[in-house]
Amino acid sequence: MRLIDATPALFMIALSAAIVAGTGDLPYWADITPGARFFPVWLAGTGILLALLLLANLYSDPAGGRVEIPDARAVVRVGLTTGGMIGFIVLTPFVGMVLAGALFMAFLLLVVLRQPLMPSLLTVAIVALGVEGIFVRWLGVALPAFPFSI
Amino acid sequence: MEPSLGFVAELFAHAFSYWWLILIATTIGIIIGAMPGFGSANTIIMLLPFTLAVDVDVAMIFMVSLFCASQSGGGITSILLNIPGNGGSAATCIDGYPMAKKGLGQQALVLSFVASQVGGMVTAGMSIFLLPYMAKLAYYLHSVEMVVIVLFGITLIASIASENMLKGLIAGGLGLLIGAIGADHIYSTPRATFGFLELYDGVPLIPVLIGVFAISEALMMIESRSVLSDEGLEVAKRAGWKETLEGIKWAFQRTWLMIWTAIVGLIIGIVPGAGASIAAFVAYQQARLYSKTPEKFGTGIPEGVIAPESANNGCSSGDLIPLLVIGVPGGTTAAVMMIVMTYHGVQLGPRLFIQSPEIGYGVFVTMLVAYCVMLFTTLPLTRYISRLILIPTAVLAPIIIAFTLVGAFAPRGYMFDLWLTLFFGVIGYLCRRTGYNVVAMLIGVILGPLLEANVMRALRISGGDPWTFFSSPLANILWVLLIISLLIPSLVQWNKNRQAALNPAVENQ
């Protein structure tokens with residue numbers, strides 16, 4: 001049994017444990033009816049049971065739940081994209097959402113997906129203008145703005 | 001008192017005289033409906049200066065048309081990009097996206113639009129003439145009955161999970177656990193919020209939808225660099241008017257399905273608090289249950305697109321019935337409409353149909369007109385909208401991520417929601433990669449809190465008596481239907497096995 005095959009079960013157990021711990025100070029029963037902890041505890045219990053069943057299945061039939069791992073280049077692309085999204089979220093409060101989005105897209109198109117320079121820059125410009133035009137100007141959504149913008 | 005045909009015809013002519021306004025409102029509605037993170041309620045709020053300034057009938061025509069169109073628009077991104085525009089169109093992804101991947105995106109769009117519009121017209125028409133009777137239905141549907149209705153939706157997890165039951169149940173259980181985060185529904189005690197104030201109202205649906213569907217899909221695109229198979233690409237490139245007509249033909253070959261799933265949506269919509277999401281999932285589950293080929297659901301079949309789309313548009317009429325008849329809004333958009341109507345001095349409740357019947361019935365007549373107008377405006381556009389899928393994935397994936405991250409931020413304006421979207425995006429990607437069904441997870445997130453709220457409320461009202469769940473005749477009928485619906489697949493399978501066992505015996509004789 002590989003660790004990656006067991007990861008979903010382990011995540012389920014961790015989440016269930018976190019839910020049980022996060023509701024530890026709440027009443028299981030209140031007056032005559034179930035309290036705030038009743039439902040989460042039963043759900044977490046069922047979750048742990050299902051996760052243990054999955055682990056048992058994997059142990060008895062290791063090939064049954066085998067996960068196909070993408071090739072190294074695909075993993076790198078997905079990892080870089082996730083990193084780029086983290087960068088987008090971190091940068092947004094400092095440079096504004098439109099600029100952070102444009103930088104993120106440029107990174108994705110040019111670095112991660114290796115697209116040609118000019119079409120990529122054109123796409124970035126169109127999307128940035130689209131976000132500004134639709135969300136900010138038309139729909140009036142207050143997106144985090146560039147500190148020196150007008 | 002039912003309205004006379006002459007009165008309805010007058011209202012129809014009046015609403016139709018504002019066709020240009022309906023055209024504008026439905027266009028806006030379809031665009032915002034297709035944008036994840038942006039719904040009809042937000043748009044109507046932003047357009048309050050307009051709706052408060054014009055006459056109440058004009059304001060209602062505008063709001064109702066926009067509301068209907070936003071439900072129809074949600075299916076576009078569900079089908080083409082596997083990204084539901086709103087909760088009501090999440091179930092459309094299950095079969096809509098596989099159709100698009102086969103190169104049948106245009107037909108799927110046509111099916112979605114025809115089902116939406118026919119479903120909407122049927123339920124709007126029914127609402128006009130059966131309003132007094134349907135209003136009574138709202139009085140009979142209490143927490144106990146809602147528990148069973150929600151369970152109908154939750155059983156879909158088992159249907160979806162039939163390929164790998166354990167994995168499906170884990171995905172559904174994960175969704176239910178996530179849905180349990182946030183203040184509980186009776187005592188409002190925050191629980192399992194891990195110190196985040198932003199989670200006090202529960203895990204917000206939009207970041208979950210965007211993360212699980214849009215971000216994970218974009219990550220899959222970036223990983224594999226293609227959505228369509230070569231064969232699918234060829235089919236999609238050839239799409240033209242013939243495919244539009246083919247989609248219309250497929251839809252009308254399933255007219256009865258459109259009608260009864262719309263009625264399911266209408267009934268669920270009447271219950272305040274129940275929304276298009278549950279209506280779509282319940283309708284999908286029921287369509288699969290009574291299908292002759294349930295095993296084909298999820299592989300990209302027309303029935304899987306028609307059922308949820310018809311139901312979520314049927315729900316639009318139902319949403320407005322409690323607002324007009326008893327003055328209780330059935331959903332967020334209905335609540336915003338209530339503000340506008342109250343501002344204009346319209347008295348909601350039973351007196352509305354005596355004092356201003358042209359407003360009360362006019363709402364549903366406007367729906368009828370709006371759906372008619374949309375039928376003629378959306379269908380010719382499907383061949384152009386479906387081209388979206390031909391954009392190279394290397395360009396499409398970054399655009400999806402950028403737009404949807406902004407969409408995740410827009411409803412609440414919290415940076416926290418962006419982190420939540422990223423978290424669910426990674427979870428969704430891992431689920432897809434490891435064969436866990438993300439739709440099963442979403443069903444848990446949407447229906448879990450509804451189930452808990454109704455179970456707790458029913459127990460609280462009954463003083464903790466568990467027999468309360470079997471205390472009403474309507475609930476008992478629903479329980480029997482639920483048990484039958486759970487047994488039918490096993491019985492059908494048993495019958496098939498028996499036939500298969502008998503046939504060789506017959507052949508040998």
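Read from the N terminus, chain A of this predicted model follows the order α-β-β-α-α-α-α, which amounts to five helices and two strands. The radius of gyration of chain A is 23 Å, well over the 15 Å that the globule rule gives for 150 residues, so the chain is more spread out than a compact globule. Along its principal axes, the C-alpha trace of chain A extends over about 60 × 50 × 20 Å.

The division of chain A into domains can be followed along the sequence, with domain 1 covering residues 3-60 and domain 2 covering residues 72-138. The C-alpha centres of domain 1 of chain A and domain 2 of chain A are 38 Å apart. Of the 150 residues in chain A, 34% count as buried, and among the contacts in the chain with a separation of 6 or more, 53% are made by residues 24 or more positions apart.

From chain A we can turn to a place where one of its helices meets chain B. Two packed helices are described by the angle between their axes and the distance between the axes. For helix H4 (residues 97-112) of chain A and helix H20 (residues 393-409) of chain B, the axes come within 9 Å and cross at roughly 155°. Because of that angle, H4(A) is roughly antiparallel to H20(B), and the crossing in which H4(A) passes H20(B) is right-handed. On the side of H4(A), the residues that take part are Met97(A), Gly101(A), Phe104(A), Met105(A), Leu108(A) and Leu109(A), and they meet Pro398(B), Ala402(B), Val406(B) and Phe409(B) in H20(B).

Terms used. Residues are numbered from 1 along each chain as its sequence is written. Chains are lettered from A and ligands numbered from 1 in the order in which they are written. This is a predicted model: local features need pLDDT of at least 70, side-chain atom pairs count only at pLDDT 80 or more; totals for chains, interfaces and linings use all residues. Helices (H or I, at least four residues) and strands (E, at least two) are DSSP runs, numbered from the N terminus. The radius of gyration is taken over C-alpha atoms; the globule rule is 2.2 Å times the number of residues to the power 0.38. A residue is buried if 20 or more other C-beta atoms lie within 10 Å of its own, exposed if 12 or fewer, and partly exposed in between; C-beta atoms are placed from the backbone. Two residues are in contact if their C-beta atoms, placed from the backbone, lie within 7 Å. Domain bounds come from an automatic or database domain assignment. Axes are lines fitted to C-alpha atoms, for helices over the stretch in contact, and angles run from 0 to 180 degrees between N-to-C directions. Angles under 35 degrees count as roughly parallel, over 145 as roughly antiparallel, 65 to 115 as roughly perpendicular and the rest as oblique. A crossing is left-handed if the near helix is turned anticlockwise from the far one by less than a right angle, and right-handed if clockwise.
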